[in-house]
Amino acid sequence: MRPGGHEDPGPPRAPRPHAEGHGPVRYGPPAPDDGLPVLPELVGVLAAAAHRGGGEPVGGGPELLEAGCGYWARRGLATAPEHVVAAPGAPAVLLALTAALGGDVLVPRPCAAWWAPYARLLGRPVFHVATPAECGGVPDPYALLETVRRVRAEGGDPRLLVLSVADDPTATVAPPEVLHETIEAAAGEGLQLVSDETWRDTVHDPHDTVLLSPAEMWPDRVTVVTDLAGALLPPGWPAALARFPVGPSGDGLRARVLDVLTALGARVAGPVAAAAAYALAEPEPVTERIAATVRLHARVADAAHRAVVAAGALALPPRAGRHLYADLGPLKSGLAAHGVTDAQELEDFLSARLGMPAPGGHRFGDELGALRVRLSTGALLGGSDADRTECLRSPAPLELPHLHRSLITLRSVLDGLRDDAQRWEPPR
């Protein structure tokens, strides 16, 4: 406080930049990349199939669908090719599912940045539902019931719930008991579920983290979507699979989804389909690369989480993926000293200070006024393929100079905000 009892507003606030990149859809953040060179064996398979100039049939060819069935069978979900659809990326699948199911869409808050735009593109209302304290990706069951009943009372028609047990942006894994309660609530309200399981193969400690698919709990109403960019393919080779429920309802939904994909011309490219089928079969080079990548990003995410918490900010411990979700609300006075009062300004500030994209929570459905941000670990690995490959191969990657510098920068920026917050905090 200044003498006389008036609150000190801090340094003058800089004018807010008018950047085209603030658009909510066209400039929405991509999924967190692993930051690593493409696996050479995958490159070889793609190159060998480069003569395949045509795309796959709509919905995928036999080899790709069979590989998808094997992938899910190894995860406890027996699957037949007639219950699977392939598409060039999960966004095409979700768009087709949303169009086929109709009605209003429910998503957790926060949620993956790409979920809501597809519903809005179709003119479908999207309702965000609060998540439980222990995880993201899955709505709190009581909040879900309240939201469904409120929407119906206002004349809405909620039909589809999209969730993720291994979550982007929060990097958490929903505990089975929480997931079970949410699914019971959704079943009681007659909702269809889409389970985005893109990140299920990036769980940091499978021995300490139980991941169950909603399709194991409620097989009649859950469609599983997996984008292979999560763990199996580079993001520039778009391919995704959807697994539909067995029975007339699932068959009808699959047929309607195929109609939409046909109208969109959404076919997986032939060479990409060959690489996807190879990766889905999980040969030794693929499984070794996945395991090494998960170990690396788990270490970096843990170090980044420790830096966030040490600075006085909040974040749930990352359990999956290549990112973490930080709440810098406790540092708001320090951020205000830099003219940062909302998530967009936080995104601009941290992206500039860290030298890497740091999308604000508003990109993921959080309130603009909440000072939340997703930090991706891939951007911390270094600027060259050689640096990143060294991180992957090193038994002590956090000690490598380029990664060490990135983490020091992160800690320095966050600690500076903590010090600023303490400086501007009113005396007790």
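Begin this tour of a predicted model by selecting L144, L193 and L233, which touch the most other members of the largest nonpolar core, a set of 57 residues. To see where that core draws its residues from, colour α2 (62–73), β1 (84–87), α5 (141–153), β4 (158–163), α6 (176–188), β6 (222–227), α9 (270–280) and α10 (284–310), each of which supplies at least two of its residues. Among the contributors, α9 gives the most to this core, with seven residues.

Next, centre the view on L233 and show what surrounds it: leaving aside neighbours within four places in sequence, L233 is in contact with L42, L228, A239, V272, A275, A276 and A279. Then move to a second core, separate from the one just visited, which has 38 residues and includes F349, L381, L403 and L417.

Now turn to the strands, and select the seven that form an open sheet of mixed pairing, following them in the order β1-β7-β6-β5-β4-β2-β3. At the edges of this sheet you will find β1 and β3 (126–130), each of which pairs on one side only. As you rotate the view, note that neighbouring strands of the sheet are turned against each other by 25 degrees on average, with direction ignored.

Within the sheet, pick out β4 and β5 (residues 192–196), which run parallel and are joined by four bridges. For a single example of bridge partners, select L163 together with S195 in β5.

Finally, select helix α3 (residues 90–101), which lies across β1, β2 (104–109), β4, β5, β6 and β7 (240–243), and compare its direction with that of β6, to which α3 runs at about 160 degrees.

Conventions:
Residues numbered from 1 in each chain as written. Predicted model: local features only at pLDDT ≥ 70, side-chain atom pairs only at ≥ 80, totals over all residues. Heavy atoms only, no water. Core = buried A, V, L, I, M, F, W, Y, C linked by side-chain atoms within 4.5 Å. Buried < 20%, exposed > 50% of the residue type's maximum accessible area, 1.4 Å probe, protein only. Contact = heavy atoms within 4.5 Å. Pairing = 2+ DSSP bridges. Axes fitted to C-alpha atoms, helices over the stretch in contact; angles between N-to-C directions.
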